[in-house]
Every structure is written in structure tokens, then in C-alpha cells.
Amino acid sequence: MKFIIVFVALFAVALAAPRPEAEILRNDADVGPEGYSYSYATSDGNQGEEQGQLKNIGTEEEAISVKGSYSFVADDGVTYTVTYVADENGFQPQGAHLPVAPEA
């Protein structure tokens, strides 16, 4: 019984150990008055990119339209990717791991 208690305690300590910090491998950005883009990658497998563009500049309907994606490595070791659009219709993510709403 003592062995099990010691084993569980050591297992808990191992799980609580801090993960090493990720290093930034790439961090690019281009920002202008009518749009922007950026991308990044880290040593732990995370990466992303996004582009934004102003639409209907100078009108009452002026808005920004954004397209992008990001990927991350989850605790299960699987890399998940989300692509998205954010515009006048809201945030619209897509990914193989995300649930899909039924057709109306």
C-alpha cells in the first residue's frame, strides 16, 4: 500500500513539473493604413498567420475582413489547426476537430 501512495505522489509531482518555455522561431508583421498581416512560429509547434483588410473605406459600411489560421500541439500530442474568417458575418472558425452546426 505504501508503494502505491509513493507512486501516486511521484506521478503527481511529475505532472506538475513546469514545461520548458517555447522559443519564438518566426515573428513577422506588416501593418499599413488599410490592412495588415502577421505570422509566427514557436519551438513547441505553435504557429499562426492572419491578414486583415479594410473594406468600404470612407463609407458608413467600413469594416475589416480578416482571414487566418493557427495550429497548436495539444496535450495528447496531436496538432490541431483552425482556419477562420472574421467579417461582417462574425467569426467563422473551421477545423477537423470542431463540431459543425446542422444545416438549417
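Is Tyr70 buried, partly exposed or exposed? In the predicted model that I am presenting today, Tyr70 is partly exposed, with a relative accessible area of 32%. I shall return to this tyrosine after an outline of the whole chain.

Let me start with the overall arrangement. The protein contains 1 helix and 6 strands. Read from the N terminus, the order of these elements is α-β-β-β-β-β-β. The 6 strands make up an open sheet, ordered β1-β2-β3-β4-β5-β6, with antiparallel pairing. At the edges stand β1, which covers residues 24-32, and β6, and each of them pairs on one side only. From one strand to the next, the twist averages 10°.

How much of this protein is buried? Of the 104 residues, 14% are buried. The exposed surface comes to about 8,400 Å², and carbon and sulfur atoms supply 59% of it. As for contacts, take those with a separation of 6 or more: residues 24 or more positions apart account for 12% of them.

I turn now to the edge strand β1. This strand is hardly covered, since among its 9 residues the count of buried ones is 0. A hairpin of 2 residues connects β1 to β2. The two strands, with β2 spanning residues 35-42, are paired in the antiparallel sense over 8 bridges. Within this pairing, Arg26 stands opposite Ala41 in β2.

Arg26 also brings us to the salt bridges. How many salt bridges does a search of the whole structure find? The search finds 2. One of them joins the side chains of Arg26 and Asp28, with a distance of 3.8 Å from N to O. Both partners are partly exposed: Arg26 has a relative accessibility of 33%, and Asp28 has one of 40%.

The other salt bridge is formed by Lys55 and Glu88, whose closest N and O atoms are 3.1 Å apart. Lys55 belongs to strand β3, residues 47-55, while Glu88 sits in the loop between β5 (79-87) and β6 (90-94), so this pair ties together parts that are 33 residues apart in sequence. Are these two residues buried, partly exposed or exposed? Lys55 counts as partly exposed, because its relative accessibility is 29%. Glu88 counts as exposed, because its value is 52% and the exposed class begins over 50%.

Lys55 has a further role in our picture, as a member of the pairing between β3 and β4. These strands run antiparallel, and 9 bridges join β3 to β4, which covers residues 63-73. Lys55 stands opposite Ala63 in β4.

Let us stay with β4 for a moment and consider Ser65, which is placed in that strand. Ser65 counts as buried, because its relative accessibility is 15% and buried means under 20%. Which residues does Ser65 touch, leaving aside its neighbours within four places in sequence? Its contacts are Gln51, Gly52, Gln53, Lys55, Ala86 and Asp87. Lys55, the residue from the salt bridge with Glu88, is therefore one of the contacts of Ser65.

My last topic is the aromatic residues. The structure holds 6 aromatic pairs. One of them consists of Tyr38 and Tyr40: the ring centres are 6.5 Å apart and the planes meet at 15°, so the pair is stacked. Tyr38 is partly exposed at 33% relative accessibility, and Tyr40 is partly exposed as well, at 28%.

Another pair takes us back to the opening question. The rings of Tyr70 and Tyr84 have centres 6.2 Å apart and planes at 50°, so this pair is tilted. Tyr70 lies in strand β4 and Tyr84 in strand β5, 14 residues apart, and the pair thus links distant parts of the chain. Why do we need two numbers for each pair? A pair of aromatic rings is described by the distance of the centres and the angle of the planes.

The two partners fall into separate exposure classes. Tyr70 is partly exposed, at 32%, whereas Tyr84 counts as buried, at 10% relative accessibility. Both tyrosines belong to one aromatic cluster, formed by Tyr70, Phe72, Tyr80, Tyr84 and Phe91.

To close, I would ask you to keep three items in mind. The first is the open antiparallel sheet of 6 strands. The second is the salt bridge between Lys55 and Glu88. The third is the aromatic cluster that includes Tyr70 and Tyr84.

Methods. Residues numbered from 1 in each chain as written. Predicted model: local features only at pLDDT ≥ 70, side-chain atom pairs only at ≥ 80, totals over all residues. Heavy atoms only, no water. Salt bridge = Lys/Arg side-chain N within 4 Å of Asp/Glu carboxyl O. Buried < 20%, exposed > 50% of the residue type's maximum accessible area, 1.4 Å probe, protein only. Helix = DSSP H or I, 4+ residues; strand = E, 2+ residues; numbered from the N terminus. Pairing = 2+ DSSP bridges. Axes fitted to C-alpha atoms, helices over the stretch in contact; angles between N-to-C directions. Phe/Tyr/Trp six-rings, centres within 6.5 Å; stacked < 30°, edge-to-face > 60°. Contact = heavy atoms within 4.5 Å. Areas by Shrake-Rupley, 256 points an atom, 1.4 Å probe, with all protein chains shown as cover.
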